[in-house]
Amino acid sequence: MKPAPFDYRRPEQVDSAVEVLGTLGSGAKVLAGGQSLIPLVSMRLAHPSALVDINRLRELDYVRVDGDVVRIGALARHARVLADPAAGAAQPLLRQALRLVAHATIRNRGTTVGSIVHADPAGEMTAVLALLGGSLRVRSSRGERNVTAGELFLGPLESDVRDDELAVEAALPVLPPSSGTAFVEVSRRAGDYAVCGVAAFVRLKDDGAVAAARCAYLSVAPTPLVLELTDQAADPRAAGEAARAQVQPEADLHASADYRRALAGVLTERALTQALAAARASGAAAA
Amino acid sequence: MSTRWFGQPIPRVEDERLLRGAGAYLDDLGHDALAAAFVRSPHAHARITDVDVSAALDVEGLVAIYTYDDLPDRLAEPLPLLIPHPTLTHGRTPYALARDKVHHVGAPVAMVVAEDRYLAEDAAERIAVRYEPLPAVVGIAAARAAAHLVHEDVPGNLAARMTQSTGDVDAALAAAPHVLSLDLAIERSASTPLEGRGVLARWDAEARRMRIWSSTQTSTGVRAAVAAKLDLPLVDVDVITPDVGGGFGVKIMHPWPEEVLVPWAARLLARPVKFVEDRREHFVASAHERGQLHSVRVGFDDDGRLLGLDVRFWHDHGAFIPYGLIVPIITSTQLLGPYKPGAYRVTFDSLYTNTVIVTPYRGAGRPQGVFVMERVMDAIARELGLDRTTVRERNFIEPHEMPYDHGLVFQDGRPLIYDSGDFPASLAKLKQLVGWDDFEQARETARAEGRRIGIGLACYVEGTGVGPYEGGHVVIETSGKVKVATGLTSQGQGHQTVFAQIVADELGVPLDDVEVVTGDTRRFGYAVGTFASRAAVMSGSAIALAARAAKEKALRVAGDALEANPDDLEIVDGVVRVVGAPGAEISLGTVAVLSNPLRYAFDTAAQAATQFASGDPAKPPVPEDDEPGLEGRDYFSPMQSTFANGMHAVVVETDPDTAEVKILRYCVVHDCGTLINPRIVEGQIHGGVAQGVAGALYERMAYDDAGQLQNASFMDFLMPYASEVPSSVEIDHLETPSPMNPLGIKGAGEAGVIPGAAAIASAIEDAEGIVLTSMPISPSELWELRRSKETG
Ligand SMILES: Cc1cc2nc3c(=O)[nH]c(=O)nc-3n(C[C@H](O)[C@H](O)[C@H](O)COP(=O)(O)OP(=O)(O)OC[C@H]3O[C@@H](n4cnc5c(N)ncnc54)[C@H](O)[C@@H]3O)c2cc1C
């Protein structure tokens, strides 16, 4: 389990990283926390010609709340984002999701942006980006562009970040007033990728009725699935039924397709119940 | 015997070194060594038609590539069948490198030696092996159907069929008022130590001597095998076990292909060579265990007493059977647990499949047997509407029936006779500990909160301390320090602590003055190995006897020096003194000096032993029946195993929606005879319970029909984390001393794992009202069982 030979670059600035990526051509890979990439390379399941290590790009090591957006730089580790008080207060779903990402040691290295680029349909942060309608800013020698969550996820482990591009920042909207979120999942072992997981977002009208509700799903589709459940959310059980009817999961070693579908229903109910309660609490606090 | 250290829960002397990171495991050694990597079969069953190494030859740093055709003489013969048995009529073992055919994914086809492991893997990747795939036999059903054969010359894929019986089972079942039939299954798991296998060899070309370090559970076994394969005199081969990061059984298997190939290459290349197994290799190229199917018929009376038990089972031993029939023999005998079966008959088939070999994994066939017997007990209770503990109590062997002869032959070829144990007392303790009789109340409370809880239990008996023997050597040095050696190996059990406790007591020396070495053939050449919960019983006893011999001599020499009768002497804190005569004393170090008549003094103290200073001119300096030095060496070889026992109870909660299973309480009552160190015994139980939980709820080897292991990584093979095992294991001990050895001890190494699957199955069944017939069980499977129950 040793990687095949590869070229290794460790730029000190974002500009030079982008330049190096541009000159290396396809076959080069960005190395962030390495928690997903290194196992693939070590098992020779990936044969990158070069690794561009971005761990020296200190300028990307930030988490900040900027008006109504939470901005997460590409070098911000999961652990740092999880512990950031301002980000956690501005968008509670971040913490609710990140505490379910892997284990402390992996969160100390793995980056939140890296996990979004990695586009694992079982990854919590992909679901968060999809649920909240966040976006990713990417740069290359050709320029900079913003990729919305809707455009980003192309398939399992496939995102619209090209070989010569560096993702520099993920942006998530802060939680609007009278809103609540929740993240629940079932995994075989604590910290494992979930067998099924549900992130929920609920916004209430002034009269307490549901203005908007949707859920994002882990491990039931090739890309993060988002279901619009505004009409059902007042009755989480009914919403669970609706979700159960709409997901089309597959079986794997750990779960049958039907079990996953049932989990999608149960977890939708649980997540919406929690998100509703949070939304009501936030509405009450504001009033 | 003084009991100052024996029985004390002292911390392990090993821990400081290991916790500071000062341990030295195999891969910490041999930084100057070449690295070996292996080309392994990607097919479960295939003919090799060509091996083309040409593309690998220009890899910089490549030193050598070997295939079967390169192997000389005895290295070209199949690896040994370690434990032959008369019923093992079709025993097949692999070649060190595949010859013509591969029989499982992961089988070694070529060995690459290069300057480092990266380069060795680069070269290995470029070796092109052409295979002609053959149909794979995967799973017990396919092996039995035998539409295809793993070995052309083994009809029915059957290596062995073995039957044992007592009494007339057919008559007993025909006459029984109640008869039940059960079909039960346990899936494959594996030892999965965190450190895989590894071996380092240095050939000293001038001295023509081989020195090998192996991460093994038997250094003497490896030594004998390498000497034989490489045609070396035994005295010219040293095998040393460095720190070993876990074994759990898989490392008692030997010699692994790598264990003979690496020394061979080291000699050929006249350079040190090292192989360190990686995780992926460990999954497909070491060994698994557990996979069995059982079909049981049981007859019992209206009170739930067993009248007859007829067990037929099928054991999947993988592609080869180098370790013989030990696992299924243990299953077939230890299945009986603490019970009297009435008439008993057991027949097993040991079957070839195109999968990794099966060799003992902690518990070694017992978890399967206990699962079967305990399912039978629960089924009887259900059938008769009796409490599950009542059925067990009615079938127990009573203390007054000890020693109890089952009339069967155990895994060591000796009669299955339980030496001691008090099963009713153990169960009473367990019921008390877990609050068995009050559980219905707890269940009602939980139910009112919308929660589902259940309780289960399982009992087992474990034959421990199997022979043939172990030895111990104790030297008291002139410094007064005591050096102890035994040949069996350590993989984290705490041997250095418990053996030092024994010696400190026997000799009357401070614990810190005792140093223990295990698994180094330079220090002790005769040994068997560490398995079958035998180290404390076998080496512990041998070391105690050796220490007694050393003490006897110390008292004799001291008696001469102090002009006292040895019977009037005692040793306290490393000083020999005359009882009741303060001041009349001599340190053990000085006794050691005097025990070795010298011509040349090496320091001032040693002058006391030189020829003008001591000795009786009327006698030779070393009398005829004596030896110089203060040493004791002895061996322990019991007539038979000693039988430990235990009972576990577990409380689980099952989620009504997600079918997740949570362990709320895990209680253990354990009887391993006299405890040398309760803390270490409890540590063994904790680790065992973790592996029991693993086998019940998490771990399985998922082969597809083509023989590909689908979960050959820790991402998908669900070894539980600390978060999945109970955070506290409640333990109560019973100490029924064994009459089989001088210390009254029984083995404890495997105990914790044995009843895990059985107890947890019992508890889930109790929570759910669903009958469980196979383990492990995942939430998805439990959910599917609920659904099929609902839909009828
Ligand atoms: C045992 C274990 C358990 C885990 N469990 C979970 C879990 O439960 N949930 C979960 O979500 N994740 C889990 N992970 C994955 C973890 O979150 C990873 O850290 C994360 O997915 C990738 O982040 P990274 O910084 O390590 O990226 P890397 O491994 O360095 O890179 C991953 C991929 O993204 C690309 N990439 C990374 N950063 C950039 C960038 N800035 N621009 C362009 N491309 C980039 C890389 O080229 C590579 O293809 C687990 C990992 C392990 C080892």
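Begin in chain B of this predicted model by selecting strands β21, β20, β19 and β25, which form an open sheet in the order β21-β20-β19-β25 with mixed pairing. The edge positions belong to β21 (514–518) and β25 (631–636) of chain B; each has a single partner strand, so one side of each is left without a neighbour in the sheet. On average, neighbouring strands of this sheet are turned by 15 degrees against each other, direction ignored.

Within that sheet, select residues 482–486 of chain B, which are strand β20, together with β21(B): the two pair in the parallel sense over 5 bridges. To locate the register, display B:Thr486, which stands opposite B:Thr518 in β21(B).

**A cis peptide before β19**

Next, select the loop between β18 (452–464) and β19 (470–476) of chain B, where B:Pro468 lies. The peptide bond joining B:Gly467 to B:Pro468 is cis, with omega at about 0 degrees.

A second cis peptide bond can be found between B:Met775 and B:Pro776, again with omega of about 0 degrees. To reach B:Pro776, select the loop between β29 (774–775) and α18 (779–790) of chain B.

**The seven-stranded sheet**

Now move to the open sheet of 7 strands in chain B, which has mixed pairing and the order β3-β5-β1-β12-β9-β10-β11. Which strands stand at the edges? They are β3 (62–67) and β11 of chain B; each has a single partner strand, so one side of each is left without a neighbour in the sheet. Neighbouring strands here are turned by 20 degrees against each other on average, direction ignored.

Select β9 (residues 198–204) of chain B and follow its pairings. With strand β12 (residues 273–276) of chain B, β9(B) pairs in the antiparallel sense over 4 bridges, and B:Leu200 stands opposite B:Lys274. With strand β10 (residues 209–214) of chain B, β9(B) also pairs in the antiparallel sense, over 6 bridges; here B:Ala201 has B:Ile212 as its bridge partner. In a regular strand the side chains alternate between the two faces of the sheet.

Display the turn of the hairpin formed by β9(B) and β10(B), which has 4 residues between the strands. In this turn B:Arg208 has a positive phi of about 50 degrees.

Continue from β10(B) to strand β11 (residues 237–240) of chain B; these two pair in the parallel sense over 4 bridges. B:Trp213 stands opposite B:Ile240 in this pair. Add helix α5 (residues 219–230) of chain B to the selection: β10(B), α5 and β11(B) make a right-handed β-α-β unit.

**A run of antiparallel strands**

Select strand β8 (residues 178–186) and strand β13 (residues 292–300) of chain B, which run antiparallel and are joined by 9 bridges. Then add strand β14 (residues 306–318) of chain B, which runs antiparallel to β13(B) and is joined to it by 9 bridges.

B:His294 is a useful residue to label. B:His294 in β13(B) is the bridge partner of B:Leu184, and B:His294 also stands opposite B:Phe313 in β14(B). The hairpin of β13(B) and β14(B) has 5 residues between the strands, and there B:Gly304 takes a positive phi near 90 degrees.

**The ligand and its shell**

Finally, centre the view on the ligand and display the 31 residues around it, of which A:Val30, A:Gly34, A:Leu37, A:Thr111 and A:Glu124 come nearest.

Three polar approaches involve the protein backbone. A polar backbone atom of A:Val30 is 2.6 Å from an oxygen atom of the ligand, and a polar backbone atom of A:Ser36 is 2.8 Å from an oxygen atom of the ligand. For A:Ala167, a backbone N or O atom lies 2.9 Å from a nitrogen atom of the ligand. The protein buries 90% of the 960 Å² that the ligand exposes when taken alone.

Colour the shell by element: β2 (28–31), α7 (112–118) and β10 (166–173) of chain A each give two or more residues to it. Which of the elements makes the largest share? That is α7(A), with 5 residues. Colouring by residue class instead divides the shell into 15 nonpolar, 12 polar and 4 charged residues.

For the last stop, select the loop between α7 and α8 (124–132) of chain A, where A:Ala119 lies. Phi of A:Ala119 is near 55 degrees, a positive value in a residue other than glycine.

Methods:
Residues are numbered from 1 along each chain as its sequence is written. Chains are lettered from A and ligands numbered from 1 in the order in which they are written. This is a predicted model: local features need pLDDT of at least 70, side-chain atom pairs count only at pLDDT 80 or more; totals for chains, interfaces and linings use all residues. Side-chain values use heavy atoms; hydrogens and water are left out. Two strands pair if DSSP finds at least two bridges between them. A crossover is right-handed if, with the strands pointing away from the viewer, the path from the first strand over the helix to the second runs clockwise. A residue is near a molecule or strand if one of its heavy atoms lies within 4 Å of it. A polar contact is a pair of N or O atoms within 3.5 Å; within protein, one must be able to donate a hydrogen and the other to accept it, and residues adjacent in sequence count only if both atoms are side-chain atoms. Accessible areas come from the Shrake-Rupley method with a 1.4 Å probe; for residues, only the protein chains shown count as cover. Ala, Val, Leu, Ile, Met, Phe, Trp, Tyr, Cys and Pro count as nonpolar, Asp, Glu, Lys and Arg as charged, and the others, Gly among them, as polar. Axes are lines fitted to C-alpha atoms, for helices over the stretch in contact, and angles run from 0 to 180 degrees between N-to-C directions.
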